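Here are a few exercises to work through with the viewer open. Try each task before you read its solution.

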Amino acid sequence: MVKIREAIVVEGRYDKNTLSQILDAPILETSGFGIFKNKEQLALLRKVAEVRGLIVFTDADGAGFVIRNHIKSAIPGQYLKHAYTPDIFGKERRKASPGKEGKLGVEGMTREIILEALRRAGATFLDEETAAPIQEITKADLMELGLYGPGSAEKRAALIKKMGFPEKMSTNAFLQAVNLLCSRAELEEILQTLEKHNG
């Protein structure tokens with residue numbers, strides 16, 4: 001079992017079951033869209049976030065982003081970290097057919113993918129050294145690199161695909177994810193590889 005300091009919030013009990021087999025950490029559920037009506041659950045999430053930090057780990061589909069955005073609007077950002085699963089198409093073993101968008105949810109991810117997503121989110125692994133912080137990439141950097149502003153959507157979409165991020169990611173979520181993953185120099189290197197490949 002891997003011990004993590006922060007609590008983790010997922011959409012439902014199958015996601016919780018998957019994470020419980022890998023992690024020694026408090027795992028809370030939103031009960032899908034139930035979080036929109038359940039003020040007590042949201043208050044609990046807020047409190048847990050303030051005390052120990054909260055990692056939001058929802059599915060990479062539209063519903064997952066709606067739930068994630070609801071939590072983001074209700075809890076101050078300094079208490080939140082965001083873990084993202086890559087877009088992997090398929091269906092979970094317990095399901096007869098894939099979900100609406102055909103992507104695997106948190107419950108369908110392997111141990112390696114889950115741990116990598118948590119590392120990228122900046123989770124505090126209590127049995128590991130934490131990496132030194134990298135200098136933040138800003139929106140101005142993104143603009144300079146052609147990843148933000150007019151005409152940047154196509155280039156950003158290509159980079160999102162290359163880096164294995166969910167395709168529906170907003171610019172702010174993309175900026176946050178990039179900052180967890182690489183330095184500006186590394187980002188430029190990935191872009192150059194992409195441009196050579198497409199050129």
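**Exercise 1: a lysine on a helix**

Lys 155 has a relative accessible area of 28%, so it counts as partly exposed. Keep in mind that this is a predicted model.

Task: find where Lys 155 sits and which residues it contacts beyond its neighbours within four places in sequence.

Solution. Start with the location: Lys 155 belongs to helix α6. Next, check the area: partly exposed covers what lies between under 20% and over 50%, and the 28% of Lys 155 fits there. Now list the contacts, skipping neighbours within four places in sequence: Lys 155 meets Leu 145, Gly 146, Leu 147, Leu 191 and Glu 195. Finally, take one of these partners, Leu 145: it is 10 residues from Lys 155 in sequence, and the C-alpha atoms are 9.6 Å apart.

**Exercise 2: two helices**

Task: work out how α6 and α8 are oriented towards each other, parallel or perpendicular.

Solution. First get the geometry: α6 (residues 153-162) and α8 (residues 184-198) pack at about 100 degrees, and their axes are 11 Å apart. Then apply the cut-off: 65 to 115 degrees counts as roughly perpendicular, and α6 and α8 are therefore roughly perpendicular to each other. Who makes the contact? From α6 come Lys 155, Ala 158, Leu 159 and Lys 162, while α8 brings Leu 187, Ile 190, Leu 191, Thr 193, Leu 194 and Glu 195. Sort the residues of this contact and you get 6 nonpolar, 1 polar and 3 charged.

**Exercise 3: another lysine**

Task: decide whether Lys 103 is buried or exposed, and find its polar partner.

Solution. Lys 103 lies in the loop between β6 (80-82) and α4. Its relative accessibility is 9%, so Lys 103 counts as buried. For the partner, look at Asp 87: a polar contact of 3.4 Å links its side chain to that of Lys 103. Leaving out residues up to four places away in sequence, Lys 103 also touches others, including Ala 60, Ile 88, Phe 89, Gly 90 and Glu 167.

**Exercise 4: the cores**

Task: how many residues make up the largest nonpolar core, and which element gives the most to it?

Solution. Count first: this core has 22 residues, and Ile 4, Ile 8, Leu 19, Leu 23, Phe 57 and Leu 118 have the most contacts inside it. Both β2 (7-10) and α4 (111-121) supply at least two residues each, and α4 gives the most, with 5 residues. To finish, look for a second, separate core: it has 19 residues, among them Tyr 84, Leu 159, Ala 173 and Cys 182.

Terms used
Residues numbered from 1 in each chain as written. Predicted model: local features only at pLDDT ≥ 70, side-chain atom pairs only at ≥ 80, totals over all residues. Heavy atoms only, no water. Core = buried A, V, L, I, M, F, W, Y, C linked by side-chain atoms within 4.5 Å. Buried < 20%, exposed > 50% of the residue type's maximum accessible area, 1.4 Å probe, protein only. Helix = DSSP H or I, 4+ residues; strand = E, 2+ residues; numbered from the N terminus. Axes fitted to C-alpha atoms, helices over the stretch in contact; angles between N-to-C directions. Parallel < 35°, antiparallel > 145°, perpendicular 65-115°, else oblique. Contact = heavy atoms within 4.5 Å. Nonpolar A, V, L, I, M, F, W, Y, C, P; charged D, E, K, R; others polar. Polar contact = N/O pair within 3.5 Å; in protein donor to acceptor, adjacent residues only side chain to side chain.
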